[in-house]
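Thanks for joining, everyone; I would like to walk you through how the strands and the nonpolar packing fit together in the model I am about to put up.

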Amino acid sequence: MLTGTFESIRNVVSLYRVYYNLISNDGVSTDYLIDHSSIIYLIDSYGNFVTHFNHESPVRGETFVTKKVAIFISGSGSNMVALVKSMHRLQFALPTLVVSNKRDVSGVIKARNLQIPTVCVEAEKVAGCDFNFEASIQKELENYKIDIICLAGFMKVLSARFVDFWQGKILNIHPSLLPKYKGLNTHERVLENNEELTGCTVHEVTGKLDCGRILGQATVPIFPDDSVDAIKSRVLEKEHILYPKTLQQFCLGRSDLVIM
Ligand code: GAR
């Protein structure tokens, strides 16, 4: 979490773009550019996002807070890429760390290409079982001062202890319309049951698998003669829109359900 206070307006660039001077809590003074749209984005002189405000802010002395997001992956990381790109574009949070429980997966390379620090902790290679696996991850999350965790195709079940610690700050995307089809092989089961609709769900993570509060849901039709692969890619395409949108609402503290 980044915090600091505004010190002064430095330079009015145009009606909508204003440079502010900001003193961070560590006493560092920097000029920032504010873009006055419906949400104001605070950008530093290197073009990096710092935080956002509503259009009445900021005022001198106002405190700013920006959430740092860690994304957990186990595979191709396409949702991770969608989340990072959306945070970069819309600047509602800082994509700060990618955690993978598999070293040789394409998602790790994609994260590095996006210049996001990566941490790979493979449970099988950490002596002393899951407890130490999660303790290693927790240490990294603390090092990077992470505020929110997004599970994005993270295929290892986290302990109740870990999930309880992050309660209210850990989200997951699941490839079905929860509460239907919790667990694995969702598309296979959807096909077997001749469903006409499926989709994806973003939910808070709790100690019970795929059971936390639903934050967003998108539906996808199933066509005659559909295959598992066809459904999977149609759902994945929707996931890439739903997850960033839902995370944005979550970061802005909005509690209304995202429906697509
Ligand atoms: C996604 O379809 C996600 O919903 C699913 O794994 C895929 C990961 O794809 N997650 C689960 O099944 C969790 N139970 P990605 O690595 O390309 O984002």
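Let me begin with a convention: two strands pair if DSSP finds at least two bridges between them, while strands (E, at least two residues) and helices (H or I, at least four) are DSSP runs numbered from the N terminus. This is a predicted model, in which local features need pLDDT of at least 70, side-chain atom pairs count only at pLDDT 80 or more, and totals for chains, interfaces and linings use all residues. Residues are numbered from 1 along each chain as its sequence is written, and side-chain values use heavy atoms, with hydrogens and water left out.

With that in place, β8 and strand β9 (residues 118–120) pair in parallel over three bridges, and Ser 100 sits opposite Cys 120 in β9. On β7, six bridges make a parallel pairing with β8, where Phe 72 faces Val 99. Seven of the seven residues of β8 (residues 94–100) are buried, so this strand is largely enclosed by the rest of the structure; buried means under 20% relative accessible area with a 1.4 Å probe, protein chains only.

Turning to the packing, the largest nonpolar core, a set of buried Ala, Val, Leu, Ile, Met, Phe, Trp, Tyr and Cys residues joined through side-chain atoms within 4.5 Å, has 38 residues, and Ile 71, Met 80 and Leu 247 have the most contacts inside it. Its largest share, seven residues, comes from α6. Domain 2 (67–166) and domain 3 (171–260) both contribute residues, so this core lies between them, the bounds coming from an automatic or database domain assignment.

How values were computed
Buried < 20%, exposed > 50% of the residue type's maximum accessible area, 1.4 Å probe, protein only.
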